[in-house]
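Biologist: Please take a close look at one part of this model, the cysteines and the small matter of whether they are bonded. Then go on to the sheet beside that topic in your notes.

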Amino acid sequence: MIREQDSAVHSELSEGGRLLRVVLDSGRGNVIGSVAIEGLRAALARHVREKRLCAWILDHEGPHFSFGASVEEHAPGKVEGMLPRFHALIRDIVHLDLPFLACVKGMCLGGGLEIVLPAERVFASPTARFGQPELKLGVFAPLGSLLLPRLVGPRRAADLLLSGRTIAVEEALAFGLVSEVADDPGAAALAWAREHLLSKSAVSLRHAMRLIRRDLRQRVLPALEEAEHAYLGPLMTTRDAREGIAAFLEKRDPAWEDR
């Protein structure tokens, strides 16, 4: 087993180099800021050319997968740098052409959920909760808006994206957002990888994944670029988007002016 550490992220190769495990470890709530984003990107980049690699697992330390992306880094003057870096991580995941298994305990919200959405399978504990609360802050979820309709259907996606509500694991399982509920999601993901993936040809898996994700690369990633431009341009020029972020940071209710 080979283990490597970045601040906020550590990773290890196991199963004779056929499985990569990446662990998010960025402190309370595993908030995803620039340091965590770059740590995740670096962990994937280090192993992208491992010829024997058949799959990768994303797990986390602590009781919660993630409270979401750093709200502080969504403020004007910071979001212009943070959001493109976050979307670069999503592109790295899509272009890796490896089966992606995600493990979730506790809260999986906002940008945390967006990281999980490209996964082929999501293993969740009975405590897991999922949500896209961005509209409560006067903004929207770029990747969530694009991927949730494909994963759970347009009406269920609209429910989650517009209400900003958090759903329990039972509802997430019924929606198809979660693949399996287990007391130990990491152990369940490892068992599934051993049974279904690690005995396969690594090169054949990559060819299969390239086709499985063809639509993501050709349709979703270009649309993500458009969504990013809409977020950083028209949205962030509105008074309410700036107010929503400021209200959250100042721990008060937002005063919407609908402009």
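Modeller: What follows covers the cysteines and then one sheet. This is a predicted model, in which local features need pLDDT of at least 70, side-chain atom pairs count only at pLDDT 80 or more, and totals for chains, interfaces and linings use all residues. Residues are numbered from 1 along each chain as its sequence is written, and side-chain values use heavy atoms, with hydrogens and water left out.

A disulfide is a covalent bond between the sulfur atoms of two cysteines. Here the term means a pair of cysteine sulfur atoms within 2.5 Å, and the structure holds 0 of them. Cys54 is in no disulfide, and the nearest cysteine sulfur, in Cys103, is 17 Å away. For Cys103 the closest cysteine sulfur is that of Cys108, at 11 Å, which is too far for a bond. Cys54 is buried (under 20% relative accessible area; exposed is over 50%, partly exposed in between, with a 1.4 Å probe and protein chains only), its own value being 0%. Cys103 is buried as well, at 1%.

Now the sheet. Strands are DSSP runs of E, at least two residues long, numbered from the N terminus, and two of them pair if DSSP finds at least two bridges between them. An open sheet is formed by 3 strands in the order 6-8-9, with mixed pairing. Strand 6 (107-109) and strand 9 (166-168) are at the edges with a single partner strand each, so one side of each has no neighbour in the sheet. From one strand to the next the twist averages 20°, taken between lines fitted to C-alpha atoms, with angles from 0 to 180 degrees between N-to-C directions. Strand 6 pairs with strand 8 (residues 129-131) in the parallel sense over 3 bridges. In this pairing, Met107 stands opposite Arg129 in strand 8.

Terms used
Helix = DSSP H or I, 4+ residues; strand = E, 2+ residues; numbered from the N terminus.
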